[in-house]
Amino acid sequence: MSELNRQNVWDDERIDVTAEANFIWSIANKLRGSYMPDKYGDVIIPMTIIRRFECALEKTKEKVVAQFKENPNYPAKAMERISGYQFYNTSEYTLAELCNDPDNIAPNFKEYINGFSAN
């Protein structure tokens, strides 16, 4: 882990995650009808992790997507350097954008998930 990323992980500053939590719950509420109540919790934890990944990649998302459009075979390690992390996402979607098209959320979400690097 680079020194910059390590510093971000161990920052002692308190962060208000209320807006992020509300955002995750709003997406989960859109999915509620698709899940049995006892399985609903199985969605929240992965969505929280996905949102955290998205937040981490936010600053470099446009550069990664542009590079991927230019060359879909661009090496993974080079994409990681662009993203600043050991993972990246090449999908043009964000979770917020997925909510704008609820009729197609399932196929668009699959495309979004498939945009994450294999690791």
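## A first look

Let's start with one residue: Glu80 has 12% relative accessibility, so Glu80 counts as buried (buried means under 20% relative accessible area, exposed over 50%, partly exposed in between, with a 1.4 Å probe and protein chains only). This is a predicted model, in which local features need pLDDT of at least 70 and side-chain atom pairs count only at pLDDT 80 or more, while totals for chains, interfaces and linings use all residues. Residues are numbered from 1 along each chain as its sequence is written, and side-chain values use heavy atoms, leaving out hydrogens and water.

The chain has seven helices and zero strands, where helices (H or I, at least four residues) and strands (E, at least two) are DSSP runs numbered from the N terminus. Along the sequence, that gives the pattern α-α-α-α-α-α-α. Of the 119 residues in the chain, 32% are buried.

## Salt bridges

Side chains of opposite charge can pair when their charged atoms come close. A salt bridge here is a side-chain nitrogen of Lys or Arg within 4 Å of a carboxyl oxygen of Asp or Glu, and the count comes to three.

Glu80, our starting point, pairs with Lys77, their closest N and O atoms being 3.6 Å apart. Both partners sit in helix H5, three residues apart, about one turn of the helix. Lys77 is exposed because its relative accessible area is 58%. In helix H3, Arg51 and Glu54 are likewise three residues apart, about one turn of the helix. Their closest N and O atoms are 2.4 Å apart in a salt bridge, and both Arg51 and Glu54 are buried.

Lys69 and Glu92 also meet through their side chains in a salt bridge, at 3.3 Å from N to O. This pair links distant parts of the chain, 23 residues apart: Lys69 is in helix H4 (residues 61-70), and Glu92 is in the loop between helix H5 (76-83) and helix H6 (95-99). With a relative accessible area of 55%, Lys69 is exposed, whereas Glu92, at 48%, is partly exposed.

## Along helix H3

Helix H3 covers residues 41-57, and Ile49 lies in it. Ile49 has 42% relative accessibility and therefore counts as partly exposed. Together with Ile45 and Phe53, Ile49 forms a nonpolar patch on the surface, with about 280 Å² of accessible area in total. Patches are made of residues with over 30% relative accessible area and no salt bridge, joining like charges within 9 Å and nonpolar side chains (Val, Leu, Ile, Met, Phe, Trp, Tyr) within 5 Å. Accessible areas come from the Shrake-Rupley method with a 1.4 Å probe, and for residues only the protein chains shown count as cover.

Ala56 is in helix H3 too, and it counts as buried at 14% relative accessibility. From Ala56 to Tyr88 there are 32 residues in sequence and 9.5 Å in space, C-alpha to C-alpha.

## A cavity inside

Tyr88 also appears in the lining of the largest cavity, along with Leu57, Thr60, Lys61, Val64, Ser83 and Asn89. A cavity is a set of points, on a 1 Å grid over the protein atoms alone, where a 1.4 Å probe fits but cannot get out; lining residues have an atom within 4 Å of a point.

A search of the whole structure finds one cavity of 30 Å³ or more, and the largest has a volume of about 30 Å³. Grid points are joined across faces, edges and corners, and the volume is the space filled by probe spheres set on the points. The lining has three nonpolar, three polar and one charged residues (Ala, Val, Leu, Ile, Met, Phe, Trp, Tyr, Cys and Pro count as nonpolar, Asp, Glu, Lys and Arg as charged, and the others, Gly among them, as polar).

How values were computed. 1 Å grid on protein atoms, 1.4 Å probe; cavity = no way out; pocket = protein on both sides within 12 Å on 5 of 7 lines; lining within 4 Å.
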